[in-house]
Amino acid sequence: ASVVLFYHYIDRLKREGYRIHHILLLPGENWPQSTVDEYAANMADLTDPSRFHVTAVRADRFYTESRQCHRLVPSAVKEVETTARAFGADIIVAFDLLAAWITDSVEVPRRIVWLGDLNFQTILYHAWYSARESLFKMRHLPSNWLASRSWKRVYRDALKSANKVIVASDS
């Protein structure tokens, strides 16, 4: 459902006359190039092709994670940062935490971040639900709490430069 919403948000911005460079963060082999090309063709502004660009950035992993630490993979992030800086945007609209996190170092006058489920809340919710089902699973609560705190730090750091944060699903 989120991808459909994003499509409509982007389409509306395009119809309002904004110049858009959509950077797709594609992990692994998601979206073959033919699908990216089809998306770009569907979104193209036929009256002014310079108004909408698509760049697909592919990486096996954009970040590494453990229970206590999450870090961006520098080699995966470099192309995103370079592309975003070269575009010279007036605003970055990030449609998830990863996009906000990766582009946090790119200076722009305004930044809007749209978030779905908050990972740190989801981890705790699943841990509590699991512990309610089986007392034996309560032993996982401390490590899930650590993982939740680690994600919360990522959110804090990635969203510190955002002018507006929209949380669509707050557990």
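These are my notebook entries on one chain, looked up in a predicted model.

**Entry 1: the whole chain**

I began with the overall make-up. The chain has 6 helices and 7 strands. Read from the N terminus, I get the order α-β-α-β-β-β-α-β-α-β-α-α-β. Along the principal axes, the C-alpha atoms fill a box of roughly 65 × 30 × 30 Å. I noted that 36% of the 171 residues count as buried. The accessible surface is about 10800 Å², and carbon and sulfur atoms account for 54% of that surface. I then looked at contacts between residues at least 6 apart in sequence: 64% of them join residues at least 24 apart.

**Entry 2: helix α2**

Which residues of helix α2 are buried? I find V36, Y39 and M43 in this helix, which covers residues 33-43. Looking down the axis of α2, I see the buried residues within an arc of 60°, so they line one face of the helix. The other side of α2 carries the exposed residues S34, E38, A41 and N42. I also checked what the buried residues of α2 pack against: the partners are α1 (2-15), β1 (20-27) and β2 (52-59).

**Entry 3: I23 and T83**

Next I followed a pair that is separated in sequence. I23 sits in strand β1, and T83 sits in helix α3, residues 74-87. The two are 60 residues apart in sequence, with 8.1 Å between their C-alpha atoms. Setting aside residues up to four places away in sequence, I list T55, V57, V80, T83 and A84 as the residues that I23 touches. For T83, with neighbours within four places left out, the contacts are H21, I23 and T55. T55 therefore appears in my notes for I23 and again for T83. Is T83 buried or exposed? T83 counts as buried, because its relative accessibility is 15% and the cut-off for buried is under 20%.

**Entry 4: T103**

I moved on to a loop residue. T103 is in the loop between α4 (97-102) and β6 (110-115). I record T103 as buried because its relative accessibility is 8%. A polar atom of the T103 side chain lies 2.7 Å from the backbone oxygen of A99. Not counting residues up to four places away in sequence, T103 touches V80, I92 and R111. V80 was already in my list for I23.

**Entry 5: Q68**

I looked up a second loop residue. Q68 lies between β3 (63-65) and β4 (70-72). Its relative accessibility is 53%, so I enter Q68 as exposed; the cut-off for exposed is over 50%. Which residues does Q68 touch, leaving out those up to four places away in sequence? They are L146, S150 and R153. Q68 and R153 are 85 residues apart in sequence, and their C-alpha atoms are 9.9 Å apart in space.

**Entry 6: a nonpolar surface patch**

Last, I looked at the surface. I find a nonpolar patch formed by L13, Y18, I91 and V93, which together have about 320 Å² of accessible area. I took I91 as the residue to check in detail. I91 is in strand β5, residues 91-94. I put I91 down as partly exposed because its relative accessibility is 31%, and partly exposed is the class between under 20% and over 50%.

Key
Residues numbered from 1 in each chain as written. Predicted model: local features only at pLDDT ≥ 70, side-chain atom pairs only at ≥ 80, totals over all residues. Heavy atoms only, no water. Patch = residues over 30% accessible without salt bridge, like charges linked within 9 Å, V, L, I, M, F, W, Y side chains within 5 Å. Areas by Shrake-Rupley, 256 points an atom, 1.4 Å probe, with all protein chains shown as cover. Salt bridge = Lys/Arg side-chain N within 4 Å of Asp/Glu carboxyl O. Helix = DSSP H or I, 4+ residues; strand = E, 2+ residues; numbered from the N terminus. Buried < 20%, exposed > 50% of the residue type's maximum accessible area, 1.4 Å probe, protein only. Arc of directions from axis to C-beta. Contact = heavy atoms within 4.5 Å. Polar contact = N/O pair within 3.5 Å; in protein donor to acceptor, adjacent residues only side chain to side chain.
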